[in-house]
Amino acid sequence: MTLQPGVLASVPPAARYLTFSLNPRTNPRRALSALATLADGERCVVGIGESVLRTLGKHIEGMRPFPSYSGKGFEVPSTPAALWCWLRGQDRGDLLHQGRAIEAALDPAFYLEDVIDAFHHGSGRDLTGYEDGTENPRGRKAVSAAAVSGMGAGLDGSSFVAVQEWVHDFDSFQSMSATDQDNSIGRRRRDNVELARAPASAHVKRTAQESFDPEAFVLRRSMPWTDGDRAGLVFVAFGKSLDAFEAQLRRMVGEEDGIADALFRFTRPVSGSYFWCPPVRRRRIDLGRIV
Ligand code: HEM
């Protein structure tokens, strides 16, 4: 079983996210086969949406629509999409051309709906300055958090991914005292030390992976993005199922105890989608299960 290598690799210096919708008048099979010749799972991680699976008459156990929530003063939208490509590299020019080749290969079955340019910031920080990814599982634990196993060829080594674009409100964030900022994350920005007495609304209190029953481990590969004067985080979490992410999100929005994550004071999600990420075989994504 082989996960797409880009899932396990560390976050690249530069990335481009392409999100596609489906042209209902065409059969996506040929386009997906063309994509499989271009996508190695490392420079291009691929996720397939439920509408494509349905069009192909295929069901992947565990795949479902992204949930939406309305909290006190915030929305968590669900914005399903047909296909997601995470282009990973060093050079934004190369990513642009790689993206154009993929777009051409998918034409006319898929329409390019959205493009987000993302980048590595500092030592792997969110644009608020906090280190992101500290509590990610590593090594074998990362594989067991992210990879489907024991389900047979074509499914083993696949993964599910939750993707959300978050837009930061830097004025709100900067109007908070440094203590409030640290309390909203639950870690000290200066040295990344976890705060022993963080409030229940602190982000790392809401999402502490060991505190769930069963434990809710995910492999986060989020990246900062910017476009003109807007900026934020593309939150990306891979999992062997979508259950762990969903348990965390429910707690963040306050579904369990009415306490919302303090992150919502200065950032908000504007998209939310789930995709199934096929495994790789011979350095190409393996669509044997669905095409
Ligand atoms: C703009 C949105 C977000 C930002 C800026 C953000 C930032 C952070 C930061 C700074 C940490 C602490 C360091 C670390 O362990 O990585 C963290 C931890 C974490 N975040 Fe987020 N996060 C965001 C959204 C989310 C969402 C939507 C989820 C899941 C629903 C999530 C799940 C987690 C998890 C599981 C941890 C580790 C908790 C632990 O086990 O200690 N985050 N996040």
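This section describes the ligand site, the salt bridges and the unusual backbone geometry of a predicted model.

The iron atom of the ligand has a single protein donor. That donor is H203, through NE2, at 2.0 Å. No other protein atom serves as a donor of the iron. H203 belongs to helix α8, which covers residues 203-207. H203 also appears among the residues closest to the ligand, together with G133, E135, Q209 and R220.

The ligand is surrounded by 26 residues. The space the ligand takes is the largest pocket of the model. By class, the surrounding shell comprises eleven nonpolar, nine polar and six charged residues. Four elements each supply at least two residues of this shell: β7 (159-168), α8, β10 (230-239) and α9 (243-252). The greatest share comes from α9, with four residues. Helix α8 is thus named twice at this site: α8 holds the iron donor H203, and α8 is among the elements that supply at least two shell residues.

Backbone atoms also approach the ligand. A backbone N or O atom of G133 lies 2.5 Å from a ligand oxygen atom. For E135, a polar backbone atom is 2.9 Å from an oxygen atom of the ligand. At T134, the corresponding distance from a polar backbone atom to a ligand oxygen atom is 3.1 Å. G133 and E135 are also listed among the closest residues around the ligand.

Charged pairs were counted next. Side chains of opposite charge can pair when their charged atoms come close. The count comes to 13 salt bridges. One salt bridge joins E246 and R64, with the closest N and O atoms 3.0 Å apart. E246 lies in helix α9, whereas R64 lies in the loop between α3 (50-55) and β3 (69-71), so the pair ties together parts that are 182 residues apart in sequence. Helix α9 is also the element that gives the most to the shell around the ligand.

Backbone geometry was examined last. A cis peptide bond joins D107 and P108, with omega at about 5°. P108 lies in the loop between α4 (92-106) and β6 (110-119). Another cis peptide bond joins D213 and P214, where omega is about 0°. P214 is found in the loop between α8 and β8 (219-220). This loop therefore follows the helix that carries H203, since α8 spans residues 203-207. R282 is not a glycine, yet R282 has a positive phi of about 50°. R282 lies in the loop between β13 (280-281) and β14 (284-285).

Technical notes. Residues numbered from 1 in each chain as written. Predicted model: local features only at pLDDT ≥ 70, side-chain atom pairs only at ≥ 80, totals over all residues. Heavy atoms only, no water. Donors = N, O, S within 2.8 Å, 3.2 Å for Na, K, Ca; no water. Near = heavy atom within 4 Å. Polar contact = N/O pair within 3.5 Å; in protein donor to acceptor, adjacent residues only side chain to side chain. 1 Å grid on protein atoms, 1.4 Å probe; cavity = no way out; pocket = protein on both sides within 12 Å on 5 of 7 lines; lining within 4 Å. Sits in = over half its atoms within 2 Å of the grid points. Nonpolar A, V, L, I, M, F, W, Y, C, P; charged D, E, K, R; others polar. Salt bridge = Lys/Arg side-chain N within 4 Å of Asp/Glu carboxyl O.
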